[in-house]
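Subject: Structure handover

Hello,

Here is the structure I said I would pass on. My notes on it follow below.

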Amino acid sequence: MKKLFVFLAAFALVFSSSRMQAQVSESPEWATRIKAEGLSRSQVEEIAQYITDFSGSRLTASRQKRRADSLIVAKLGEFGLSNPRAAFASEFTRGGWDVVKTYAAMTSPYYCAFAVNPRAWSGSTDGLVKGECIIFDVQAKEDLEKYRGKVAGKILLLPSTREVEINFEPLATRYDEKELEALMEDNRAEARPRFGGGRGMPFDYRAYMELRQLMADFYKAEKPLCIVNGSGTFNIPGSSGVNYRAGDPEPIPEIALPVEDLGRMVRLIQKGQKVEMEMELINRFSDDCEVHNIYAEIPGTDPKLKDEIVLIGAHFDSWHGGTGAADNGSGCIVMVEAMRILKELGFKPKRTIRLALWGGEEQGLFGSRGYLNQYLYNDGKKLPGFDKFALYLNMDNGSGRFRGIYLERNDGAVPFFEAWMKNIESLGFKYLSPRTTGGTDHVAFTRVGLPAYQFIQDELEYFRTYHSVMDTYERLSMSDLKIDATIVAWLVACAANDPGRIPVNPAVNLNQ
Ligand SMILES: [Zn+2]
């Protein structure tokens with residue numbers, strides 16, 4: 001009888017700790033402390049400068065990324081967080097690539113130096129080289145043949161298809177109430193290709209990728225001096241990469257010029273002018289084929305709950321132009337500051353709080369997927385970490401203020417966030433959208449139904465500046481970041497100590 005009673009009591013306890021218990025917010029006393037530390041004694045400016053100006057750009061597997069990894073690990077240690085470390089997350093076949101020197105100018109019909117960005121994983125020139133520019137207009141594979149045998153030693157200008165018109169939209173925006181209300185509507189009845197959202201491809205992606213490969217083969221065989229792409233506007237070149245596998249011969253040099261500079265040269269050639277450029281591009285390849293994540297913790301203190309993980313994170317890698325400030329220095333700044341706030345206040349979580357700064361997001365969620373496969377779910381099977389996973393909060397939409405959160409079509413998350421948001425509504429965090437959002441690291445976890453979320457965030461000037469050399473410290477709104485870090489610290493405090501846990505999304509069928 002006694003045994004049975006103990007069994008039933010234990011059963012009731014286990015059951016109540018997962019689903020049945022009412023969701024509770026941390027005490028208002030902690031809300032007040034967290035707000036005071038996050039809003040009045042914030043370190044976001046210090047952390048922001050450290051991640052952007054001090055670290056520079058952080059391209060996946062580059063030497064500069066490794067340097068930034070060491071810098072941020074040291075900073076996490078200074079904040080007193082437990083076990084700060086860089087750790088292997090996944091293989092990365094492209095290997096490392098760093099810019100050593102970049103120079104490009106038009107020299108005929110007159111001299112004009114350009115703001116220029118090499119495409120990542122493209123090759124170097126043989127010192128300072130000079131050549132004639134020709135228009136290389138390839139829209140389909142048949143077009144390639146008309147250039148065969150005619151491009152050796154030439155600089156190929158790929159005309160931009162982008163239309164540049166006067167833009168009457170504001171440079172930066174915030175959500176208005178009407179837009180936010182619209183996000184609160186459940187859109188599950190709308191046709192979507194599959195769970196997890198995903199925008200439909202606006203063009204034939206497979207044909208596009210096939211043509212890109214044919215063009216790469218053509219460059220290798222025909223040996224032009226350099227390929228010039230149009231990417232970025234307002235005389236700011238964009239950042240992107242070429243396909244490359246570590247150990248292959250170095251690709252032909254490729255650069256991105258702003259569409260205005262490229263457009264000028266294309267128009268001159270179309271009018272019969274001879275256009276020449278000179279350039280010197282030195283890029284360094286390395287056979288470092290690993291993606292690393294950065295971790296640090298505040299250990300849990302409850303004997304029963306300390307093995308459960310409340311995870312917060314953002315991707316630390318960036319493209320190579322600029323300093324990856326909005327994309328995604330901002331996410332890292334907020335998550336690091338949220339950890340600092342809780343540590344500084346001596347908050348003792350029941351569950352363990354873990355910070356993860358992912359690598360390899362820009363080339364395909366390598367860091368977060370690596371974590372999933374190492375600890376949570378791999379090869380169609382749950383790993384021990386799966387049932388210990390309490391929550392993941394991700395940030396990757398620039399520097400704007402949080403207005404709410406996307407609940408990824410998991411109705412079970414609603415009562416938790418409703419309880420937790422009570423003490424942060426005064427910071428403008430009011431909107432729980434049932435919708436999904438995609439394109440970044442939380443997707444690695446939502447795909448297997450785990451409770452992982454991205455915030456509804458004011459856009460500011462994100463889409464004008466991200467993936468360009470303009471993505472620097474100046475793109476950060478410190479007041480927005482302070483609020484965001486305070487909100488994260490509070491939500492994490494609630495999730496770490498709530499008697500219940502957000503259930504795994506029951507609509508995700510892992511056996512499919
Ligand atoms: Zn990003």
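Which residue in E9 is the bridge partner of Asp-98? The partner is Arg-284. Please keep in mind throughout that this is a predicted model.

The sheet

That pair belongs to the antiparallel pairing of strand E2 (residues 96-108) with strand E9 (residues 276-286), which eleven bridges hold in register as DSSP partners. Both strands are part of an open sheet of eight strands with mixed pairing, ordered E3-E2-E9-E5-E6-E7-E8-E4. Strand E3 (112-113) and strand E4 (117-118) are at the edges; each has a single partner strand, so one side of each has no neighbour in the sheet. The loop between E2 and E3 contains Pro-109, and the peptide bond from Ser-108 to Pro-109 is cis, with omega about 10°.

Domains

The domain assignment splits the protein into domain 1 (23-92 + 289-497) and domain 2 (97-165 + 190-284). Their C-alpha centres are 35 Å apart. The contact between them involves 18 residues from domain 1 and 15 residues from domain 2. On the domain 1 side, helix H4 (63-78) and helix H11 (442-446) supply at least two residues each. By type, the residues on that side of domain 1 are six nonpolar, ten polar and two charged.

Helix H8

Helix H8 (residues 325-344) is worth a check on your side. For its 20 residues, a straight helix at 1.5 Å a residue would reach 28 Å, but the end C-alpha atoms of H8 are only 25 Å apart. A second item in H8 is the peptide bond between Asp-327 and Asn-328, which is cis with omega about 0°; Asn-328 is found within the helix. H8 is mostly covered, with 18 of its 20 residues buried. After the helix comes Gly-346, with a positive phi near 70°.

Positive phi outside glycine

Leu-365 has a phi near 55°, positive although the residue is not glycine. Leu-365 sits in the loop between strand E12 (352-358) and helix H9 (366-376). Is Leu-365 buried or exposed? Leu-365 counts as buried, because it has 23 C-beta neighbours inside 10 Å and the cut-off for buried is 20 or more.

Leu-460 also is not a glycine and has a positive phi, about 50°. Its place is the loop between strand E18 (452-457) and helix H12 (462-465). Leu-460 is buried, with 23 other C-beta atoms within 10 Å.

Regards

Technical notes:
Residues are numbered from 1 along each chain as its sequence is written. This is a predicted model: local features need pLDDT of at least 70, side-chain atom pairs count only at pLDDT 80 or more; totals for chains, interfaces and linings use all residues. Domain bounds come from an automatic or database domain assignment. Two residues are in contact if their C-beta atoms, placed from the backbone, lie within 7 Å. Helices (H or I, at least four residues) and strands (E, at least two) are DSSP runs, numbered from the N terminus. Ala, Val, Leu, Ile, Met, Phe, Trp, Tyr, Cys and Pro count as nonpolar, Asp, Glu, Lys and Arg as charged, and the others, Gly among them, as polar. The expected span of a helix is 1.5 Å times one less than its number of residues. A residue is buried if 20 or more other C-beta atoms lie within 10 Å of its own, exposed if 12 or fewer, and partly exposed in between; C-beta atoms are placed from the backbone. Two strands pair if DSSP finds at least two bridges between them.
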